[in-house]
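Thanks for coming, everyone. I'll keep this short. Have a look at the structure first, then we'll walk through it.

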Amino acid sequence: MANINFIQTSNLFSYTATRCLRNEYYHNDCRICIDLCPKGAFNIVRNKLTLFEDECVGCAGCIGSCPSEALEIESFDPNGFAAGFIHQSDKKLSCKVTTPCLGVFDVEHLAVMALRGGSSIVCDMSHCSSCVLNENGALERSIRTKIETTNQFLESIHNTNRIEMIEEKEEQVDRRALFRKGFEKLKESVVNESEAHISMTSAHHKQADMKMPLKRILLKNSLKEIVGDLETTTFLTTSSLFFNKQINFTTCTNCGDCTQFCPTDALFPTSDKQGIYFSQGKCIGCGICEDICKPNAINAKEGYDLINIAFDRAEELVHYEMVMCYECRTPYPYKGGEPICDRCIGFVKQNPNMFTLARDL
Ligand code: SF4
Ligand code: SF4
Ligand code: SF4
């Protein structure tokens with residue numbers, strides 16, 4: 001049985017428990033890595049996500065899909081690779097040559113490579129069907145979904161680059177030998193990449209409680225370079241890559257739970273604490289705000305704006321006038337009608353004679 005440690009490692013793979021959304025937030029039930037791992041190396045132990053080190057084979061298939069970058073592999077940095085992709089002459093991604101399992105990338109990485117690489121990218125999918133790690137098909141499905149999402153995004157902004165998939169039949173080869181060869185190549189390519197970016201990545205990952213993933217910062221930086229040339233930056237549809245929120249003015253109690261628990265500060269209070277701002281560029285779509293809101297006042301909204309995302313512009317979702325409740329004398333967010341707070345209204349309903357009796361004493 002594995003212990004629950006701050007950081008768990010297996011071979012070259014490491015899992016930082018304090019970066020895991022599920023472990024850090026009671027309301028979050030993310031299980032992406034559990035569902036993806038072909039070896040069942042992730043398990044819930046005493047309600048915490050735990051890596052069973054002996055089971056993990058360090059394939060890296062789960063890494064790209066973790067929304068908060070709690071998973072890493074020592075020999076390959078997908079952020080550094082995506083940032084340095086512009087310098088690569090070969091635009092083909094292959095688990096046999098340039099990368100570990102293509103699951104090491106997320107949509108952000110693929111989009112950054114397509115936007116910065118200046119041409120379409122080819123993903124070699126021909127090894128998936130016979131891969132021992134893909135027995136239940138979960139890894140391949142996840143990679144294909146990420147490629148489709150990236151292509152939908154590129155199409156929406158009229159970028160002509162695409163992530164193409166090739167499916168040529170592979171020759172029967174010694175997988176272990178190729179894996180070793182692949183890692184040797186990887187080490188070379190990582191050394192050749194942007195040194196500045198890699199040191200930024202290391203610094204970022206030393207901050208265990210930092211939940212804003214670097215892959216999203218990279219994508220925002222890439223968007224900054226192109227938004228000026230786009231015909232439109234505002235889209236009215238729902239995206240699997242960008243998230244939007246709305247708060248119902250009537251039902252929100254301005255309790256502040258969503259701003260307090262949002263892991264990336266995408267939701268934050270106005271300076272007078274009487275309203276809530278939302279920054280699309282910082283939202284990772286974890287759903288914690290929606291799960292934590294007792295009156296269900298916050299939910300997803302269609303549409304996104306690439307300028308807002310790229311430059312972290314925030315939008316005020318609600319703003320309240322605070323007034324003194326005439327019963328308990330506590331300030332509360334006023335929404336019209338008699339100046340009495342929700343708590344006192346509830347109390348009055350349960351004890352209809354209490355206030356009349358108190359006044360008459
Ligand atoms: S994918 Fe990441 S955030 Fe989700 S449970 Fe796994 S380690 Fe935690
Ligand atoms: S949206 Fe929900 S959690 Fe956020 S302040 Fe309003 S009531 Fe509280
Ligand atoms: S706004 Fe909500 S969904 Fe977005 S990162 Fe914050 S808690 Fe998660």
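Let's start with the largest nonpolar core, in what is a predicted model. That core has 77 residues. Which of them touch the most other members? Cys-101, Leu-102, Leu-110 and Ala-111 do. Helix α4, residues 107–117, gives the largest share of the core, 7 residues. Now, where does this core sit relative to the domains? Domain 1 runs 7–226 and domain 2 runs 234–319. Both give residues to the core, so the core lies between them. As background, nonpolar side chains tend to be buried together in soluble globular proteins.

Next, the ligands. There are three to go through.

Ligand 1 first. It has 13 residues around it. The closest are Cys-20, Cys-30, Ile-32, Cys-33 and Cys-66. Two elements give two or more residues to this shell: α1, residues 21–24, and α2, residues 32–36. By class, the ligand 1 shell has 10 nonpolar, 1 polar and 2 charged residues.

On to ligand 2. Cysteines turn up here as well: Cys-252, Cys-255, Cys-258 and Cys-293 are among the residues around ligand 2. The shell also includes Ile-247, Thr-253, Asn-254, Gly-256 and Asp-257. Pro-295, Ala-297 and Ile-298 belong to the ligand 2 shell too. What is the split by class around ligand 2? It is 8 nonpolar, 3 polar and 1 charged.

Then ligand 3. Here 14 residues make up the surroundings. Closest are Cys-262, Ala-266, Cys-283, Cys-286 and Cys-289. This shell has 10 nonpolar, 3 polar and 1 charged residues.

Last topic, the strands. An open sheet has 3 strands, in the order β1-β2-β5, and the pairing is antiparallel. Why is one side of β1 and of β5 left without a neighbour in the sheet? Because β1 (7–10) and β5 (71–73) stand at the edges, and each has a single partner strand. On average, neighbouring strands of this sheet are turned by 20° against each other, direction ignored. β1 pairs with β2, residues 13–16, over 4 bridges. Within that pair, Thr-9 stands opposite Ser-14.

There is also a hairpin, made of β3 and β4. β3 covers residues 42–45, and β4 covers 48–51. They pair in the antiparallel sense over 4 bridges. Val-45 has Lys-48 as its bridge partner in β4. Between the strands sit 2 residues. Arg-46 takes a positive phi near 45° in this hairpin.

That's the tour. Questions, please.

Definitions and conventions:
Residues numbered from 1 in each chain as written. Chains lettered and ligands numbered in written order. Predicted model: local features only at pLDDT ≥ 70, side-chain atom pairs only at ≥ 80, totals over all residues. Near = placed C-beta within 6 Å. Nonpolar A, V, L, I, M, F, W, Y, C, P; charged D, E, K, R; others polar. Pairing = 2+ DSSP bridges. Axes fitted to C-alpha atoms, helices over the stretch in contact; angles between N-to-C directions. Core = buried A, V, L, I, M, F, W, Y, C linked by C-beta atoms within 7 Å. Buried ≥ 20, exposed ≤ 12 C-beta atoms within 10 Å, placed from the backbone. Domains from an automatic or database assignment.
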